[in-house]
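Biologist: I would like to learn how to read the features of a model like this one, going from single residues to the larger groupings they build. Could we look at it together?

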Amino acid sequence: MLQTLRDRFLDDGGPMPWRTVAVTCLAVMVPPIVAVLIFGRIGAVAFIATLAAYLAAKDSGVLIGGLVTVVMGFAGLLTIGAPAMALMIAPTLGVMAGVAGYYGFALPVMRALITWTVFTGTIFPADDKPMMFGIFLVAMLWALGVSKLFGESGSHDPKERDSEAYALVFGAMLAAGLAISVWIGGHWFGDHGFWFPLTFVVLCVPPHGRVFGRTLKRTVGTLLGTIVALGFAWLSDATWVMIALGAICLPLGFRVLPANYTLFTALLTVSVLEVLALVSDVDTLAWERVATMGAAAVMTAALAGVGLLGLWLIRPEAIKALQTQD
């Protein structure tokens with residue numbers, strides 16, 4: 001029994017080198033801390049920019065990372081305070097991710113897309129967009145510069161390209177799911193409805209060969225992280241506690257990422273909740289995070305089933321190729 005659980009929740013990789021962890025924290029955490037201290041609530045947008053830019057650059061280089069981050073930034077500005085625009089932009093971004101997959105760049109686009117979903121909520125004010133975009137751009141440039149300076153950026157070469165049939169099905173399912181999740185989040189999950197599309201996109205990040213297994217790991221990790229975040233919130237709501245907890249959990253999360261995806265998800269959940277708690281109530285954030293995680297997991301599984309059926313009808317051999325992805 002214990003061995004079965006160990007095999008299910010532990011991965012094959014070793015811990016991330018501490019140097020890489022330190023560079024990641026330098027790139028991702030410094031701008032939002034400084035921005036929140038200087039600009040207050042809207043400074044949290046720096047975290048969206050640094051996380052998207054650094055992860056995309058680490059996978060596909062600073063040029064691709066910068067490109068997809070700027071696109072998501074513009075899409076985010078159009079989305080803030082405009083639910084109708086969010087519903088129009090969501091499927092467009094889903095199609096874009098499908099096209100990017102056909103050319104071998106699905107992963108950086110999906111990683112940047114995760115951060116766009118935060119703009120579909122109401123935690124950011126809609127009346128100071130120029131200042132917000134300025135902070136976003138400066139934070140993005142910082143993350144890209146750190147990635148390049150310390151040699152943590154990837155190559156510009158595309159990864160394995162998706163087949164035309166797979167890119168078509170993936171883009172269609174992602175576009176539909178993203179639009180549905182944005183609508184559901186806005187109508188049923190209140191001010192923090194962004195959790196629903198955010199969770200959906202996280203569950204759809206490539207590779208897709210083990211989507212159901214990774215969904216279980218992310219679900220367990222999210223529950224653990226939420227419990228920890230709530231525990232600290234009930235002990236203290238001081239700003240320095242939130243910043244310190246987020247700053248500690250993020251490097252530890254990246255450290256264990258290659259070895260234990262469940263624990264990484266838990267630590268990342270704590271870090272994200274603490275950062276966003278600077279501009280919102282952590283109790284509400286946490287409980288809605290759990291609710292949207294469960295709902296998004298169900299919807300993702302349903303769309304994955306529809307996608308597999310579509311692949312089976314269009315090009316059955318694409319399913320065999322999908323099963324080889326790790």
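**Reading burial, rings, bridges and core**

Biologist: Let us begin with one side chain: what is the relative accessibility of F74, and how does F74 count on that basis?

Modeller: At 46% relative accessibility, F74 counts as partly exposed, since buried means under 20% relative accessible area, exposed means over 50%, and partly exposed covers what lies in between, with a 1.4 Å probe and protein chains only. The model is a predicted one, in which local features need pLDDT of at least 70 and side-chain atom pairs count only at pLDDT 80 or more, whereas totals for chains, interfaces and linings use all residues. Residues are numbered from 1 along each chain as its sequence is written, and side-chain values use heavy atoms, with hydrogens and water left out.

Biologist: How many aromatic pairs does the ring rule give, and what kind of pair do F74 and F133 form?

Modeller: Rings of Phe, Tyr and Trp (its six-membered ring) pair if their centres lie within 6.5 Å, with planes under 30 degrees apart called stacked, over 60 edge-to-face and the rest tilted. By this rule the count is four aromatic pairs. One of them joins F74 and F133, a tilted pair with 4.8 Å from centre to centre and 35° between the planes. This pair links distant parts of the chain, with F74 in helix α3 and F133 in helix α6 (residues 129–149), 59 residues apart; helices here are DSSP runs of H or I of at least four residues, strands are runs of E of at least two, and both are numbered from the N terminus.

Biologist: Which ring in helix α6 also pairs with F133, and with what geometry?

Modeller: F133 also forms a stacked pair with F136, 6.1 Å centre to centre and with 15° between the planes. The general idea is that an α-helix has 3.6 residues a turn, so residues three or four places apart point the same way. In this case F133 and F136 are three residues apart in helix α6, and are therefore separated by about one helical turn. F133 counts as buried at 14% relative accessibility, and F136 is buried as well. Taken together, F74, F133 and F136 form one aromatic cluster.

Biologist: How should I read charged contacts, and how many salt bridges does a search of the whole structure find?

Modeller: A salt bridge is a side-chain nitrogen of Lys or Arg within 4 Å of a carboxyl oxygen of Asp or Glu, and the search finds two. E152 forms a salt bridge with R19, the closest N and O atoms being 3.2 Å apart. Because E152 lies in the loop between α6 and α7 (164–188) while R19 lies in helix α2, this pair ties together parts that are 133 residues apart in sequence. E152 also forms a salt bridge with K58, where the closest N and O atoms are 2.8 Å apart; here the loop between α6 and α7 is linked to helix α3, across 94 residues. R19, K58 and E152 are thus joined in a network of salt bridges.

Biologist: Is each partner in that network buried or exposed, or something in between?

Modeller: E152 counts as buried at 12% relative accessibility, whereas R19 is partly exposed at 48% and K58 is partly exposed at 31%.

Biologist: Which residues make up the largest nonpolar core's most connected part?

Modeller: A nonpolar core is a set of buried Ala, Val, Leu, Ile, Met, Phe, Trp, Tyr and Cys residues joined through side-chain atoms within 4.5 Å. The largest one has 81 residues, and those with the most contacts inside it are M110, L113, W116 and F124. Its largest share, 17 residues, comes from helix α3 (residues 45–79). Taking contact as heavy atoms within 4.5 Å, and leaving aside neighbours within four places in sequence, W116 touches residues including M72, A75, G76, T79 and L178.

Biologist: What can be said of V70, which is found in helix α3?

Modeller: V70 is partly exposed, with a relative accessible area of 23%. Apart from neighbours within four places in sequence, V70 is in contact with L137 and M140.

Biologist: And how many residues of helix α8 (residues 195–204) are buried?

Modeller: Ten of the ten are buried, so helix α8 is largely enclosed by the rest of the structure; among them are W195, F196, P197 and C204.
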